[in-house]
Amino acid sequence: VSVIERGGGSVQTGGSLRLSCAAADRTFTRFTMGWFRQVPDKEYEFVAAISFSGEIMTYGDSVQGRFTISRQKGKNLVFLQMNDLRPEDTGVYYCLADPSESTISLTSFRGQGTQVTVSS
């Protein structure tokens, strides 16, 4: 399974960034997708996930109300709009794709990660 992320970068506190992620495979055609992040000196943290239908979205407590996950209808292409970014959002963001159509986990297919840095 190919999982490719784009976006990321550096912004100041209060700024916005948008990540995108595409998944492709010859066997699996429907993926639940989302992001985990790894912040410095901490374990992985769940950020957001969206079902293949786009009807079910879940968020981690620390990003609720600031981040929005969406996807292109019928495709394995998702977006993470990150607003009101804070220094504690700094980390490597990993896109994950899971053919289970229920959730993502750290055992799901994973992209290479993209760095997000928020300066105060």
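A salt bridge, as the term is used in this talk, is a side-chain nitrogen of Lys or Arg within 4 Å of a carboxyl oxygen of Asp or Glu. Good morning, colleagues. The structure before you is a predicted model, and I shall begin with its salt bridges.

By that rule the model contains 4 salt bridges. Let me take D89 and R37 as the starting pair. Their closest N and O atoms are 2.9 Å apart, which satisfies the criterion. This pair links distant parts of the chain, with the two positions 52 residues apart in numbering: R37 belongs to strand 4, whereas D89 sits in the loop between strand 8 (77-82) and strand 9. Are these two residues buried or exposed? Both D89 and R37 are buried. In figures, R37 has a relative accessible area of 2%, and D89 has one of 0%.

R37 has a further partner in E45. The side chains of E45 and R37 meet in a salt bridge of 2.9 Å, N to O. E45 is at 26% relative accessibility and therefore counts as partly exposed.

D89, for its part, also forms a salt bridge with R66, and here the closest N and O atoms are 2.8 Å apart. Again distant parts of the chain are linked: R66 is in the loop between strand 6 and strand 7, D89 is in the loop between strand 8 and strand 9, and the two are 23 residues apart. R66 has a relative accessible area of 7%, so it is classed as buried. Which residues, then, do the shared partners join? Salt bridges with partners in common bring R37, E45, R66 and D89 into one network.

I would like to stay with R66 for a moment. The strands on either side of its loop are strand 6, residues 57-59, and strand 7, residues 67-71. Leaving aside neighbours within four places in sequence, R66 is in contact with Q81, M82, N83, D84, L85, R86 and D89.

One of those contacts, D84, deserves a remark on its backbone. Phi of D84 is near 50°, a positive value in a residue other than glycine. D84 lies in the loop between strand 8 and strand 9, and its relative accessible area of 39% makes it partly exposed. A second positive phi in a non-glycine residue occurs at D41, where the angle is near 65°. D41 is located in the loop between strand 4 and strand 5, the latter covering residues 44-50. With a relative accessible area of 84%, D41 is exposed.

I turn now to the covalent cross-link. A disulfide is a covalent bond between the sulfur atoms of two cysteines. The count for this model is 1 disulfide. It is formed by C21 and C95, whose sulfur atoms are 2.0 Å apart. The angle about the S-S bond is -90°, and the link of C21 and C95 is left-handed. Why does this pair tie together parts that are 74 residues apart in sequence? The reason is placement: C21 lies in strand 3, while C95 lies in strand 9, residues 91-98. C21 is buried at 1% relative accessibility, and C95 is buried at 0%.

Next, the loop between strand 3 and strand 4, where D25 is found. At 29% relative accessibility, D25 counts as partly exposed. What does D25 touch, if residues up to four places away in sequence are not counted? The answer is V1 and F31. D25 and V3 are 22 residues apart in sequence, yet their C-alpha atoms are 9.1 Å apart in space. Within the loop, the side chain of D25 reaches the backbone nitrogen of T27 at 2.9 Å. A polar atom of that D25 side chain also lies 2.8 Å from the backbone nitrogen of F28.

That brings me to F28 itself. Its loop runs between strand 3, residues 17-24, and strand 4, residues 32-38. F28 is partly exposed, with a relative accessible area of 33%. Together with V1 and F109, F28 forms a nonpolar patch on the surface, with about 220 Å² of accessible area in total.

To close, I return to two features of this predicted model. R37, E45, R66 and D89 are joined in one salt-bridge network. C21 and C95 form a disulfide. Thank you for your attention.

Technical notes: Residues numbered from 1 in each chain as written. Predicted model: local features only at pLDDT ≥ 70, side-chain atom pairs only at ≥ 80, totals over all residues. Heavy atoms only, no water. Patch = residues over 30% accessible without salt bridge, like charges linked within 9 Å, V, L, I, M, F, W, Y side chains within 5 Å. Areas by Shrake-Rupley, 256 points an atom, 1.4 Å probe, with all protein chains shown as cover. Helix = DSSP H or I, 4+ residues; strand = E, 2+ residues; numbered from the N terminus. Buried < 20%, exposed > 50% of the residue type's maximum accessible area, 1.4 Å probe, protein only. Contact = heavy atoms within 4.5 Å. Polar contact = N/O pair within 3.5 Å; in protein donor to acceptor, adjacent residues only side chain to side chain. Disulfide = S-S within 2.5 Å.
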